[in-house]
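Reader: Hello! I'm new to this structure and would love a close look at the part where charged side chains come together. Could you walk me through that part and then show me what surrounds it?

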Amino acid sequence: MGGTVKTDCAADVPPINADQGMVQQALLNLALNACQAMPNGGTLSLKCRAASRGRVEIDVEDTGVGIPP
């Protein structure tokens, strides 16, 4: 089944001081996990924005079935 990927990254997001490969791998792992949680399709949303003290927040959200309590 297909799905949708939505991205929203504000223009004022500053560069981050991090290992590019490790950040990419972490986001890829989250995206793959989200896809597994949406076997019948759904939406994966990736958002980034500037936070306080020069930090960046990255939100990863999906419409998957979730984890049982």
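**A charged network and its surroundings**

Author: Let's begin with glutamate 57, whose relative accessible area is 36%; this lies between the 20% and 50% cut-offs, so the residue counts as partly exposed. Please keep in mind throughout that this is a predicted model.

Glutamate 57 has a charged partner: it forms a salt bridge with arginine 49, and the closest N and O atoms of the two are 2.9 Å apart. Arginine 49 is partly exposed too, because its relative accessible area is 34%. Arginine 49 also has a second partner, aspartate 59, and in this salt bridge the N to O distance is 2.7 Å. Here the link reaches across distant parts of the chain, since aspartate 59 sits in strand β3 (residues 56-62) while arginine 49 sits in strand β2, 10 residues apart. With a relative accessibility of 30%, aspartate 59 is likewise partly exposed. Shared partners tie Arg49, Glu57 and Asp59 into one network of salt bridges. The count of salt bridges comes to 2.

Now follow the chain between the two strands. The loop between β2 and β3 holds arginine 53. Arginine 53 is exposed, because its relative accessibility of 70% is over the 50% cut-off. Its backbone deserves a glance as well: arginine 53 has a positive phi of about 55°, although it is not a glycine. Why point this out? Because most residues other than glycine have a negative phi.

Aspartate 59 also leads us to a less accessible spot. Serine 45, a residue of strand β2, is buried, because its relative accessible area of 15% is under 20%. Setting aside neighbours within four places in sequence, serine 45 touches Lys6, Asp59, Val60 and Glu61.

Strand β2 has a further neighbour to meet. Strand β2 (residues 43-50) runs parallel to strand β1, and 6 bridges join the two. One pairing to find on screen is valine 5, whose bridge partner in β2 is leucine 44. Between β1 and β2 the chain passes through helix α1 (residues 20-36), and this β-α-β crossover is left-handed. Strand β1 (residues 4-9) has 6 residues, and the number buried is 0, so the strand lies largely in the open.

Helix α1 is also the place of leucine 30, which is partly exposed because its relative accessible area is 44%. Leu30 joins Ile58 and Val60 in a nonpolar patch on the surface, and together they offer about 220 Å² of accessible area. Val60 is a name you have met already, among the contacts of serine 45.

Finally, step back to the whole chain. The protein chain has 1 helix and 3 strands, in the order β-α-β-β from the N terminus on. Its C-alpha trace spans about 40 × 25 × 20 Å along the principal axes. Of the 69 residues, 12% count as buried, and serine 45 is one of the buried residues. The accessible surface comes to about 5500 Å², with 54% of it belonging to carbon and sulfur atoms. As for contacts between residues at least 6 apart in sequence, 60% join residues at least 24 apart.

How values were computed:
Residues numbered from 1 in each chain as written. Predicted model: local features only at pLDDT ≥ 70, side-chain atom pairs only at ≥ 80, totals over all residues. Heavy atoms only, no water. Buried < 20%, exposed > 50% of the residue type's maximum accessible area, 1.4 Å probe, protein only. Helix = DSSP H or I, 4+ residues; strand = E, 2+ residues; numbered from the N terminus. Pairing = 2+ DSSP bridges. Right-handed = clockwise from strand over helix to strand, strands pointing away. Patch = residues over 30% accessible without salt bridge, like charges linked within 9 Å, V, L, I, M, F, W, Y side chains within 5 Å. Areas by Shrake-Rupley, 256 points an atom, 1.4 Å probe, with all protein chains shown as cover. Salt bridge = Lys/Arg side-chain N within 4 Å of Asp/Glu carboxyl O. Contact = heavy atoms within 4.5 Å.
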